[in-house]
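Colleague: Could you walk me through this one? I'd like to ask a few things as we look.

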Amino acid sequence: MSTPNSLTRGYFESLDRADPLRDLRAEFDLPEGRIYLDGNSLGARPRATRERLLRLLDQEWGQDLIQSWNTHNWVGLPETVGAAIAPLIGAEADEVIAADSTTVNLYKLISAAQALRPGRHQIVAEAGDFPTNLYVAQGICAANPASRLHIVDPDQIATALGPDTALLMLCHATYLKGEVHDMARFTALAHDCGALMLWDLCHSAGAMPVELNRCAADLAVGCGYKYLNGGPGAPAFLYVARRHQESIPPAICGWMGHGAPFDFSQEYRPAPGLRRMLSGTPSVLGLAALHEGVRLFAGTDMQTVRAKSRRMGELFLELLQPLMRQYGFDLISPADPERRSSQLTVSHPHGYAIVQALIARSVVGDFRPPGGIRFGLAPLYDSYADVWDAVQHLRAVMADEEWRDPGFQIRKAVT
Ligand SMILES: *Cc1c(COP(=O)(O)O)cnc(C)c1O
C-alpha cells in the first residue's frame, strides 16, 4: 500500500473504510470519544461478554446452581477456552488449557521443564524481560540451590546456551520495546543444545500470528486480559506440546488435575493429557468472559490482524517523526515493522506526565519506567483515525506543555 506524501485525516478515514476488520469495532463497548491505545495492557470489553456474564449470574449460578458444573459444562471450561485459543497460536485444541494467572503458569512450566531435563541446572532468560517472569525463575532457583538463572542480553542468548541448559524462556513480543523474537530460530537454538523452549505469548496472542507447532516449541504461557480481551485479571493459558504431555509433571498437584477428582482418593494420580496442569477449581466467571473475548477472533485470521496492526504502527511512527525530533522523544521500539509487535514505545524524560496529560485528553496509553510511553494498537477495535487523532493530541500536549500541570506528576498505584 502506498502512502500519499501529505498525510491527512481523510486518508486515515479512507483506510478505515477499506479495513477488512472494520465491523469488529461494533462488537466492543468502547466509551464515546475515548481513543484507547492500551489494549496491550487491558483489552476492551466485548459486547457479548455482558450478555454472557448476565446469563451466567442469573441463570447458571442464580437458578441452576451447582448442577451447572455438569449441565453448563463449567467443569470443561478450561479445555473449551483453551481449544478456542489454540488456532490463534498455532497449536492443536488439546495442547492449550486456560487456567490460573500467567505468573502461576510460568511457575508450573518452568518447574516442569527442570524435571524434564534432569541433570541440567541452568535457565536462560533475557535481560529486560517482564519482571514476574524473572521473579518466578528466581524463586524456583532459590528453592533449588543447584539451579541457576542466567539473564543475558538478547544478542548473547546463543552463546549462553550450553550442555547445562535445561530451559530457554523468552517473550515472543517484549512488553517494553515491543520487539518480536524469531520463534523458529530461538526454539532451534534451544533444541540444538538439548534444552526446552518456553515462550511467553502475553504480547503476541491475539495481536499477530503465532506458530508454536510449526516452530516445534515445547511450552508456552500467555495472558487472557490483553489482546484476547478476557477482562481484568482474566485467566491465563498454557500450552504443552503433545509429545510432552504424558511425561510432564504438574508442579502444583491439585485435585482438579487429578485423574479422578471426584473419587476423593488420598493418593495423587495426574490426569492424562493437559488437564493435569490444572490446579484448583476453575474460575468460571473469568473463563466465561475470556471465552467471549476469544470468540471474536473466529471470523478473522491472524494475518489480517497483523497486516492492520503493522500498517497502523508504520503510519503512527511516520506521524510521530517530526514530533520526536522537535520535542526530544526517542524510539524504543524496533524501527523495522517486521520486528515490531502491535505497540509503539517512545521515551521521554517526562514520559509519565505526558501519558497523564494524554489521558486527560481521552487518549489512553500507559507508562513504563524509566521513560517509556507505550501505545498499544488493538486491530480489532482501534481505527486508523484513532492513530491520526492520538498524534494530534500528543502535538497539543507538547506544544502547550500541558504535561507540566502539577496534577500530572503524581504517580498512581497503577501506571
Ligand atoms: C502481562 C504479562 C504478565 C502478567 O502476569 P499476571 O500473572 O497476569 O500478572 C506476565 N508476563 C508478561 C510477559 C506479561 O506481559
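Modeller: Sure, here come some questions and answers on the ligand, a residue beside the ligand and a helix.
Modeller: This is a predicted model, where local features need pLDDT of at least 70, side-chain atom pairs count only at pLDDT 80 or more, and totals for chains, interfaces and linings use all residues. Residues are numbered from 1 along each chain as its sequence is written, and side-chain values use heavy atoms, with hydrogens and water left out.

Colleague: Is Thr102 buried or exposed?
Modeller: Buried means under 20% relative accessible area and exposed over 50%, with partly exposed in between (1.4 Å probe, protein chains only). Thr102 has 11% relative accessibility, so Thr102 is buried.

Colleague: How much of the ligand does the protein bury?
Modeller: A polar side-chain atom of Lys226 sits 2.5 Å from a ligand oxygen atom (a polar contact is a pair of N or O atoms within 3.5 Å; within protein, one must be able to donate a hydrogen and the other to accept it, and residues adjacent in sequence count only if both atoms are side-chain atoms). For Tyr225, that kind of distance is 2.8 Å. Taken alone, the ligand exposes 390 Å² (Shrake-Rupley method, 1.4 Å probe; for residues, only the protein chains shown count as cover), and the protein buries 87% of that.

Colleague: At which residue does H10 have a kink?
Modeller: Helix H10 (a DSSP run of H or I, at least four residues, numbered from the N terminus) covers residues 302–327. The bend is the angle between axes fitted to the seven residues ending at a residue and the seven starting there. In H10, a kink of about 40 degrees comes shortly before the proline Pro322, at Leu320.

Notes:
Helix = DSSP H or I, 4+ residues; strand = E, 2+ residues; numbered from the N terminus. Expected span 1.5 Å × (residues − 1).
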